[in-house]
Number of protein chains: 2
Amino acid sequence: MFLELDMAGDKPIYVQLKEQVIEGIARGSLRPGDDLPSVRALAADIGINLHTVNKVYQQLRQEGYIQIHRSRGVMIHPDGFIKADKTYRTNLKATLRPLIAEAIVRDLSAEEFTRLSQEVYEQILTKEGGENE
Amino acid sequence: MFLELDMAGDKPIYVQLKEQVIEGIARGSLRPGDDLPSVRALAADIGINLHTVNKVYQQLRQEGYIQIHRSRGVMIHPDGFIKADKTYRTNLKATLRPLIAEAIVRDLSAEEFTRLSQEVYEQILTKEGGENE
DNA sequence: TTGTCTGTTATATTAGTAGTATAACAGACA
DNA sequence: TGTCTGTTATACTACTAATATAACAGACAA
C-alpha cells in the first residue's frame, strides 16, 4: 500500500490512516469492490496495533466508505458512496468557518482562498504529493 | 462579550474560545487596540478556569493576534496582523486536503465547494450566526 | 507605603483519549 | 481440524483538557 504515517507529529495515526484511505478513494487508487488488508495484516504491515486499524475500519464503515464481512474481510463499498447532502454541507461549512475567519484576518481574499482550494482539488486528482506540516 | 461555549461537545473549550476571538477580529467586532478582559475576569465571566483562558491568550499572543503587558492587561494587537505568507498557505492547503478529499468522494464539485466557501465568507463578514454541529 | 489590579509560575488532581499488549470468542471455509 | 476473518474484553502507559489552590512579581493609585 501507499501509506505514509508520521508517528511523531501531533495528528493521531488513526486519523492519518483514515484520511489516507479516503484520499485513496478520491484519487481512484481504491475503487468500489477493492479488497483492503485484514486488520492484522495491515497492523503488522505498518507496525501498529491491531486495535488502531480496527478503529479506523469501524469509522470508515459507519461513514459508508467500506463494507466489513465477518470472515470474508474488508472491501471498499461496492455500491458507491454517500452523496453530499444538507447535513454534510452544514458540517463542512462549520468546519471551514474557523479556517476562513483566520484567512480574513490575514487578508486572504475569498478569490485567493478559492484558488488554493482549486489547487488542492488538482493535487489530489492528479496524484501529486502534498507537503505535510 | 459575545461568547457562546458548548461545554458538552467534543471541541475543547479553549479551542472554541480561541476561534471566537479570531472570528471577532475577522468580523471587526474586535479591532486593533481594543482591550480584552483579564484572564481572571474572563474566566469568572464564562465560568471556566483561569488557566484555560491563559492558555488561549498565550497562543493568541504567539500567533500575533494580541499583545500582553505584564500588568496593563491584554489588547488586540495594535499594529495589525500577520499577512498570509508562503508557510501559511502551505499549512492551509494541508488542512484543506482531507476536507477536499472527502468532498471529492461525496461528488461535491470544486465549484460547489467554492460556493460554500463564499457563503462562509459572507456569513462571517455580515455577522450571521452559523449553525454549529 | 499599602492595597489591588495585572500576568506568571508551580503543583496536584480528575477525566478522557490514543495507542499498545494479550487473550479469547465466533463465523467461514478449505 | 486448521486457519483465516472480524469482534470483544481487560489492562496498562502516556498525554491532553480542565480544574483547584497557592504564591510570585510588576504597575500604579489612594
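Here is a walk through a predicted model of protein chains with DNA strands, starting with one chain and ending at the DNA.

Let's begin with chain A. It has five helices and three strands, and if you follow the sequence along, these elements come in the pattern α-β-α-α-β-β-α-α. To get a feeling for its dimensions, picture a box of roughly 55 × 35 × 25 Å along the principal axes, which the C-alpha atoms of chain A fill.

Now look at how helices pack. Two packed helices are described by the angle between their axes and the distance between the axes. Within chain A, take α2(A) and α3(A): their axes cross at roughly 120° and come within 8 Å. Angles from 65 to 115 degrees count as roughly perpendicular and those over 145 as roughly antiparallel, so α2(A) and α3(A) are oblique to each other. The crossing in which α2(A) passes α3(A) is right-handed. On the α2(A) side, the contact is made by A:Val39, A:Arg40, A:Leu42 and A:Ala43, while α3(A) brings A:Leu50, A:Val53, A:Asn54 and A:Tyr57. By character, the residues of this contact are six nonpolar, one polar and one charged. Keep A:Arg40 in mind, as we will meet this residue again at the DNA.

A second helix pair joins the two chains. Helix α1 of chain A (residues 13–27) packs against helix α4 of chain B (residues 86–105), with the axes 8 Å apart and an angle of about 45° between them. That angle makes α1(A) and α4(B) oblique to each other as well, and here the crossing is left-handed. If you want to find the contact on your screen, select A:Glu19, A:Ile22, A:Glu23, A:Ile25 and A:Ala26 from α1(A), then B:Arg97, B:Pro98, B:Ala101, B:Glu102, B:Ile104 and B:Val105 from α4(B). Seven of these residues are nonpolar and four are charged, with no polar ones.

Next comes DNA strand C. There are 23 residues around this strand, and A:Ile13, A:His51, A:Ser71, B:His51 and B:Gln58 come nearest. Of the strand C atoms within 4 Å of the protein, sugar and phosphate account for 65%. Both chains take part in the surface near strand C: α1 and α3 of chain A, together with α2, α3, β2 and β3 of chain B, each supply at least two residues. The residues of that surface are seven nonpolar, eleven polar and five charged. Zooming in on individual atoms, a polar side-chain atom of B:Gln58 sits 2.4 Å from a phosphate oxygen of strand C. The backbone joins in too, with a polar backbone atom of B:Val39 lying 3.3 Å from a phosphate oxygen. A:Arg70 places a polar side-chain atom 3.4 Å from a sugar or linking oxygen of strand C.

Finally, turn to DNA strand D. This strand is surrounded by 23 residues, the closest being A:His51, A:Gln58, B:Ile13, B:His51 and B:Ser71. Here is where A:Arg40 returns: an N or O atom in its side chain is 2.9 Å from a base nitrogen of strand D. From chain B, the side chain of B:Tyr14 has an N or O atom 2.8 Å from a phosphate oxygen of strand D, and the side chain of B:Arg70 has one 3.4 Å from a sugar or linking oxygen. Two or more residues of the surface near strand D come from each of α2, α3, β2 and β3 of chain A and α1 and α3 of chain B.

Notes. Residues numbered from 1 in each chain as written. Chains lettered and ligands numbered in written order. Predicted model: local features only at pLDDT ≥ 70, side-chain atom pairs only at ≥ 80, totals over all residues. Heavy atoms only, no water. Axes fitted to C-alpha atoms, helices over the stretch in contact; angles between N-to-C directions. Helix = DSSP H or I, 4+ residues; strand = E, 2+ residues; numbered from the N terminus. Parallel < 35°, antiparallel > 145°, perpendicular 65-115°, else oblique. Left-handed = near helix turned anticlockwise from the far one by under 90°. Contact = heavy atoms within 4.5 Å. Nonpolar A, V, L, I, M, F, W, Y, C, P; charged D, E, K, R; others polar. Near = heavy atom within 4 Å. Polar contact = N/O pair within 3.5 Å; in protein donor to acceptor, adjacent residues only side chain to side chain.
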